[in-house]
Amino acid sequence: MEEQGKQKKKDKKPLSSSFCPINNLDDGCLMHIFNFLSPIPDRYNTALVCHRWCHLACHPRLWLRVEQSAKYLSEPGVFPSIEKAVSAARPGDTILIASGGRHLASNIQINKPLCLIGGGELPDETTLLCSRGSDSALEFISTCKLANLTVKAELGCCLLHRSGRLTIDSCILQCEENPLDYLSCPIISTAGGNEAVSSAVKTKGDRVSVSQTRIEGGAKAVLTNGDLTLQQVRVIYARTFVYFWFDVDSQ
Amino acid sequence: MSSSTDSPTLTTETTQLSPQPDTETAKPTKKITLKSSDNQIFEVEESVAMEFATVKSFFEDSPSTDTVPLPNVTAKPLSQVIEFCKEQIKFKANPDEAQKKKYNAEFVTEKSDKDLVDMIPVANYLEIKDLLDVLNQAVADRIENKSVEYVRSFFGIDNDFTAEEEAALRREHAWAYEGVDED
């Protein structure tokens with residue numbers, strides 16, 4: 001395989017003096033190098049260099065993982081809880097949350113750009129559970145992306161958006177229907193309000209964008225306390241579920 | 001080559017460490033011959049060769065041989081790798097973290113980019129984990145905080161993205177750049 005790579009490179013650049021054989025390194029070595037780079041901005045930059053680098057720099061082997069079963073915990077980059085993974089992550093990291101079981105998530109504050117992804121085929125397979133007595137499962141101060149996850153709240157809200165840009169793609173947000181339905185909302189956004197938090201961490205373009213997401217239970221899908229409003233709502237009524245697309249943005 | 005001039009210091013080092021029975025002191029002075037792909041011969045102390053996991057397992061499989069062929073390794077990076085391992089053995093005998101860090105940093109900063117990248121497959125093939133970490137960290141440091149165009153020209157990599165693909169990729173990663181200043 002190494003030979004093939006060399007051959008290809010030679011065909012392309014026969015007599016270049018600046019030729020550097022970094023692309024002759026095998027995938028493991030290049031990934032090892034990328035692992036030393038901070039995700040923002042360097043790893044995202046390397047992803048733009050060429051197809052091969054893109055594949056390797058965005059490879060799931062460089063992600064952090066949350067696993068509940070103890071057998072993986074000895075591997076590097078594997079954490080027993082979402083809280084631990086979030087606090088260990090570098091800005092821009094992706095955290096893959098293993099499917100199966102229920103991950104407890106109570107008032108986890110995310111104050112650096114992160115991407116949280118569920119490890120299952122479908123969002124139902126990875127559940128974050130916010131138990132009674134917590135305000136929210138996840139609280140967002142910074143830009144963040146959620147994908148392929150189910151977030152369930154027994155009381156309180158699933159996602160509390162304080163500032164930054166929050167992207168929610170292919171998720172399920174559920175609030176327990178009984179008994180205090182009227183107290184809970186799947187998404188609460190306080191961005192732009194007069195809170196101390198939003199003035200301390202001043203970010204431009206606070207917004208929430210939701211795509212292909214099921215939102216079930218709660219008094220209303222989105223409650224805004226700040227100056228953002230619900231916009232561009234689209235809904236698809238599938239046979240069994242209702243899927244939402246919308247933005248919560250300033251006017 | 002350089003290995004013969006360096007060896008006396010190393011021998012005294014190791015004998016100081018283990019002034020025990022003859023069998024023990026005799027061991028480190030045993031030489032092992034490594035043969036690179038371009039047929040250069042390197043004579044190294046056994047203790048140095050044992051730093052190379054690949055060579056070590058070669059000897060475990062066939063202890064009677066005294067020349068180890070290294071078909072994937074050329075002479076220049078191999079000599080640099082041997083130089084590094086000799087130093088590491090000194091640090092093993094005489095642990096001094098600060099000195100070791102300083103040496104490791106100097107070792108990589110004085111190397112050209114090509115030398116660094118040439119050494120990585122050698123370290124990988126010989127399974128020298130410490131060296132691999134040092135080298136890869138050094139390459140990562142050279143990419144750090146550089147623009148995409150700089151990295152491409154730095155390593156002479158062709159951009160094989162179409163304009164549309166690159167734009168799509170930037171869009172996909174846009175969430176991470178929110179609130180980050182453009183360089």
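## Close-up views of a predicted two-chain model

**View 1. B:Leu70 sits in the loop between strand 3 (67-69) and helix 5 (75-93) of chain B.** Welcome to this predicted model! Is B:Leu70 buried or exposed? Its relative accessibility is 2%, so B:Leu70 counts as buried, the cut-off for that label being under 20%. Which residues does B:Leu70 touch, once those up to four places away in sequence are left out? They are B:Leu34, B:Lys35, B:Ser36, B:Ser37, B:Val55, B:Leu78, B:Tyr125 and B:Leu126. Take B:Lys35 from that list: B:Lys35 and B:Leu70 are 35 residues apart in sequence, yet their C-alpha atoms are 5.7 Å apart in space.

**View 2. Chain B is built from eleven helices and three strands.** If you follow chain B along its sequence, you meet the elements in the order α-α-β-β-α-α-β-α-α-α-α-α-α-α. Chain B has 183 residues, and 39% of them count as buried. Now look at contacts in chain B with a separation of 6 or more: 57% of these come from residues 24 or more positions apart. On the outside, chain B exposes about 10100 Å², with 51% supplied by carbon and sulfur atoms.

**View 3. Here chain B meets chain A, with 37 residues of chain B in contact with 36 residues of chain A.** Together the two chains bury about 3600 Å², and 66% of this area is on carbon and sulfur atoms. What holds for salt bridges and polar contacts across this interface? There are zero salt bridges between chain B and chain A, while eight residue pairs are in polar contact. On the chain B side, at least two residues each come from helix 7 (113-125), helix 8 (129-143), helix 9 (148-155), helix 10 (163-172) and helix 11 (174-177). Helix 8 of chain B gives the largest share, seven residues. By type, the chain B residues that touch chain A are 17 nonpolar, eight polar and twelve charged.

**View 4. A:Cys50 lies in the loop between helix 3 (39-46) and helix 4 (51-57) of chain A.** Why does A:Cys50 count as buried? The reason is its relative accessibility of 3%, because buried means under 20%. Next, see which residues A:Cys50 is in contact with, setting aside its neighbours within four places in sequence. From chain A there is A:Asn23, and from chain B there are B:Ile157, B:Asp158, B:Asp160 and B:Phe161.

Conventions: Residues are numbered from 1 along each chain as its sequence is written. Chains are lettered from A and ligands numbered from 1 in the order in which they are written. This is a predicted model: local features need pLDDT of at least 70, side-chain atom pairs count only at pLDDT 80 or more; totals for chains, interfaces and linings use all residues. Side-chain values use heavy atoms; hydrogens and water are left out. Helices (H or I, at least four residues) and strands (E, at least two) are DSSP runs, numbered from the N terminus. Buried means under 20% relative accessible area, exposed over 50%, partly exposed in between (1.4 Å probe, protein chains only). Contact means heavy atoms within 4.5 Å. Accessible areas come from the Shrake-Rupley method with a 1.4 Å probe; for residues, only the protein chains shown count as cover. Buried area is the accessible area (1.4 Å probe) that two parts lose on being put together, summed over both. A salt bridge is a side-chain nitrogen of Lys or Arg within 4 Å of a carboxyl oxygen of Asp or Glu. A polar contact is a pair of N or O atoms within 3.5 Å; within protein, one must be able to donate a hydrogen and the other to accept it, and residues adjacent in sequence count only if both atoms are side-chain atoms. Ala, Val, Leu, Ile, Met, Phe, Trp, Tyr, Cys and Pro count as nonpolar, Asp, Glu, Lys and Arg as charged, and the others, Gly among them, as polar.
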